[in-house]
Structure formats: C-alpha cells, structure tokens
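Subject: Structure for you to look over

Dear colleague,

I am handing over the structure we spoke about, together with its sequence. Please open it beside this message, as the notes are meant to be read with the model in view.

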Amino acid sequence: MIRGAVAALALGLVACGATMSAALAQAPPLPPGARVEAVAVAAIPGWAKDDHRIALDIFARGCMTDPPLRASVPTPEVLDFICTRARLLTKKARPDRETARRFFEQNFSFWRIRPAAAETGFMTGYFEPEFEGSLTRSAAFPTPLYGRPADLVTRQPGDDWPGIEAGLSAARRTARGLVPFPDRAAIEAGALDGERLEILWMRDPVDRFVLQVQGSGRIRLPDGRVTRLVYSGRNGHAYTSLGRALSERENIPPAEMTMDRLIARLKADAGFARDLIALNRSFVFFARRDDLPPDSGPIGGAGLPLTPLRSIAIDRTVWPYGLPAWIDATIPDGQGGSERLSRLMIAQDTGSAILGPARVDLFVGSGAVAGHRAGLIRHNFDFTVLWPRDPRP
C-alpha cells in the first residue's frame, strides 16, 4: 500500500499524465502462469480519446450489491473506497471529460494482462434476448422456466463439501446432507416436477437454452406486457459449449460457427436439438423482476444493471466486480464490417464459460440485432486492468 507523502507524490505524478512506477504500484494478484506488465497510460492507444465520463458514471453506482447475484473474489477494500470517492465526485454534477479521465489516472495503476499460453486475451459477446412466453402453460408455450429451488446450495470460495466433486459449484441440501443436484437431463425428465418452481412457459427448449446461456432476458407476454428475468442460480454442473460440440460433430470450422447458425440448426430439428442440448449438463434458474425499468440493461452478476459495450463479464475467481479495464480490439459491427473498440469498461458480470485472467465476455445490448452481433464476436484483444492503488493517507 502507498501511504502518506509517497501517496501524495504518486498522485502528483499522475496528475501530470504519468503512471506510478512498478516499484510504487501494487500489481494485481494472478493465477500461476499468467503474466502482468506495468503500462504507462500514455502508451495506451486511444486512452485520451475515450469519454471516461461514461465509465465513471457506471463505476460510481458501486462495485456490487450486497449480496451480489453471484459471489466473486473479495472486493479490495481500497476499491470500495474509490467507488465511494466516485459517488461523491458525481453526486452534485457530472464531471467534464478531463476530470473523469484524471480520476482513473489518479486512483489506478495500469497493467497489461497476458494468459499463460498467449500474447493476447480472448473476448466473446453476449446479449439480453427477448422471447415470447406465457405465465400459464399451453400448447403454444409448453417449456417451463424454473425459479431457484429452495434446496439449492451454491458453493462459496473456501467451502469444503466432503463427498461432493470439487468441480461442482452447487449441490442439493437433503436430510442426509449435501448431494449433487440433478443435471439437465434429469431435470428435463421430471426431477423438479411437483415442486411448483415454474415461473413462466416458453415456446421450446431452444429458446430456453439461449436464455440460459445469456443469463438474463425479456419475455413478451400474450397481452403485450414484458417481464424481465435475472439469473438466480445454476445446478452446479459444468457448462458445455454446444457450438463447439456441433462444430466437431458436423465438421464445421470453428470460425464459421456463430450463435445464429447454431440456433438455426437446433430449430430445424427438435429431436436433434434435444440430444445436443442435453450435452450441456448445466441448468440455470431465474427470477422475475417486473420492477426493472424497460430501458435499463439486464442485471449482471454484481447485482447492477449492465451497459451495452461498457460492461464486461470476467472470471469471478480471478477478478472482483467493479474493476475498470481497458479493452482494445477490432470486432464485427454486425453489418458485415468491423469496428475498433478501444474504451474503458467495468467488470459487472461473470459466466460459467468465462475462465482465465484475460478472458472476457462483452455485453453488446438487448434484442435480436445485439444478439446477431454478439454471436460474431470471438476475437483476440489487448486487456489492460486498472488496479486500485491506495490514495488514503
């Protein structure tokens, strides 16, 4: 930690556009094999051109709710302190662009993150889908969506569950103790029947699968109303990529396997869809949130609304929520072209398939257009984490 006069000197240097030296700045903790390199802010392409007010507004809303929807590694105390500082800065009036930029330069050091076996990180995209559904079962809507079972227990960091596989992230509480929760195949065969967990009904298992992969969604009811769904837990079994499975099964080059192509294949053959979806033993539960404003983003793992092209999902076993990160990548624009994406993001979400210190999922937005673009994003990128430094005397 930086204390007293040393902190004052460091902040003065940053105000002049310099970053702290590696000797003064504390590097973020990383898993074995990952590499970290201190970066001068002046060496980050596009940094001065970004509108840092957008990221500051998001950051000022807080690092996460208490408790978050999905627990992450503990938030450093100093990051909470800086979040509070951001709220005070934005409370009366929105700062200008230079003030917002200087806020991040003064409160964070900059670190380029590289995974063990690559020079860059890897980024995918996700979105908030919208489907038709009903609050009652019918021939048009026969597929149930379940709320969180009362006996579902989510494993927290440090939990020791004798007799439960280390790879299971959740279990079922019984009179005999914890046991593995039923997997997808068992649930679809009726393992939860009679528990009255159905919160609404969807057209088919493919729509439900997409909703579970994305982790949130909007359901348009027959009367025109829209209900929002947020993540409420999962059965703890490992996630399996159906895109990868289909690519291997039908010899489709991975670069050509998009979400649109996967969904089209599943929709074309109900029996094939049932068998392929069953490969993914993970099963996600949801809660209805009719109180969410229609124009707000979905709720991420941190328990806060997501912002398109500014919120990212990270590996929650490596990074805390609320962490700012600089993304530099060229990604599809969804219209046949590409876009250079160089901007400051905030870590507000997580995902079962997001594993590793330089692996992120970019929230693209809501609806079909965002979904099409999200499905095209599978790109390498430069990942620079802004790690908090202690400005307190």
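What follows goes through the sheets, a pair of helices and the pockets in turn. Please keep in mind throughout that this is a predicted model.

The six-stranded sheet

Six strands make up an open sheet with mixed pairing, and their order across it is E5-E9-E4-E10-E11-E12. Strand E5 (143-146) and strand E12 (284-288) each have a single partner strand, so they form the edges and one side of each has no neighbour in the sheet. From one strand to its neighbour the turn averages 45°, with direction ignored. Helix H6 packs on this sheet and touches E4, E5, E9, E10, strand E11 (226-234) and E12, while the direction of H6 makes about 20° with that of E5.

Both senses of pairing can be followed from strand E4. With strand E10 (residues 216-220), strand E4 (residues 130-134) pairs in the parallel sense over three bridges, and in this pairing Glu-132 stands opposite Arg-220 in E10. With strand E9 (residues 198-202), E4 pairs in the antiparallel sense over two bridges, and here Gly-133 stands opposite Met-202 in E9.

The three-stranded sheet

A further open sheet has three strands in the order E6-E7-E8, with antiparallel pairing. Its edge strands are E6 and E8, each of which pairs on one side only, and the twist from one strand to the next averages 45°.

Strand E6 (residues 152-154) is joined to strand E7 (residues 170-174) by three bridges in the antiparallel sense; across this pairing Leu-152 stands opposite Arg-172 in E7, and Val-153 stands opposite Ala-171 in E7. Three bridges also join E7 to strand E8 (residues 177-179), again with the strands running antiparallel, and there Thr-174 stands opposite Gly-177 in E8. The connection from E7 to E8 is a hairpin through two residues.

Helices H8 and H9

Helix H8 (residues 259-268) and helix H9 (residues 270-277) have axes that come within 5 Å and cross at roughly 120°, which means that H8 counts as oblique to H9. On the H8 side of the contact are Leu-262, Arg-265, Leu-266 and Ala-268, and these meet Ala-270, Phe-272, Ala-273, Leu-276 and Ile-277 in H9. Sorted by class, this contact holds eight nonpolar residues, no polar ones and one charged residue.

The largest pocket

The largest pocket holds about 1200 Å³ of space. Its lining consists of 49 residues, and those nearest the centre are Thr-124, Val-213, Tyr-239, Ala-353 and Arg-359. The elements that give two or more residues to this lining are strand E3 (121-128), helix H6 (205-214), helix H7 (242-249), H8, strand E16 (359-366) and helix H10 (368-376). Of these, E3 gives the most, with five residues. By class, the lining of the largest pocket divides into 23 nonpolar, 19 polar and seven charged residues.

If you go through the model by element, you may notice that two helices come up twice in these notes: H6 packs on the six-stranded sheet and also gives residues to the lining of the largest pocket, while H8 meets H9 and is likewise named among the elements of that lining.

The second largest pocket

The second largest pocket has about 490 Å³ of space. It is lined by 24 residues, of which Ser-169, Arg-234, Arg-316, Thr-317 and Leu-355 are the closest to its centre. In this lining there are nine nonpolar, ten polar and five charged residues.

With best wishes

Definitions and conventions: Residues are numbered from 1 along each chain as its sequence is written. This is a predicted model: local features need pLDDT of at least 70, side-chain atom pairs count only at pLDDT 80 or more; totals for chains, interfaces and linings use all residues. Side-chain values use heavy atoms; hydrogens and water are left out. Two strands pair if DSSP finds at least two bridges between them. Helices (H or I, at least four residues) and strands (E, at least two) are DSSP runs, numbered from the N terminus. Axes are lines fitted to C-alpha atoms, for helices over the stretch in contact, and angles run from 0 to 180 degrees between N-to-C directions. Angles under 35 degrees count as roughly parallel, over 145 as roughly antiparallel, 65 to 115 as roughly perpendicular and the rest as oblique. Contact means heavy atoms within 4.5 Å. Ala, Val, Leu, Ile, Met, Phe, Trp, Tyr, Cys and Pro count as nonpolar, Asp, Glu, Lys and Arg as charged, and the others, Gly among them, as polar. On a 1 Å grid over the protein atoms alone, a cavity is a set of points where a 1.4 Å probe fits but cannot get out, and a pocket is an open set with protein on both sides within 12 Å along at least five of seven lines; lining residues have an atom within 4 Å of a point. Grid points are joined across faces, edges and corners, and a volume is the space filled by probe spheres set on the points.
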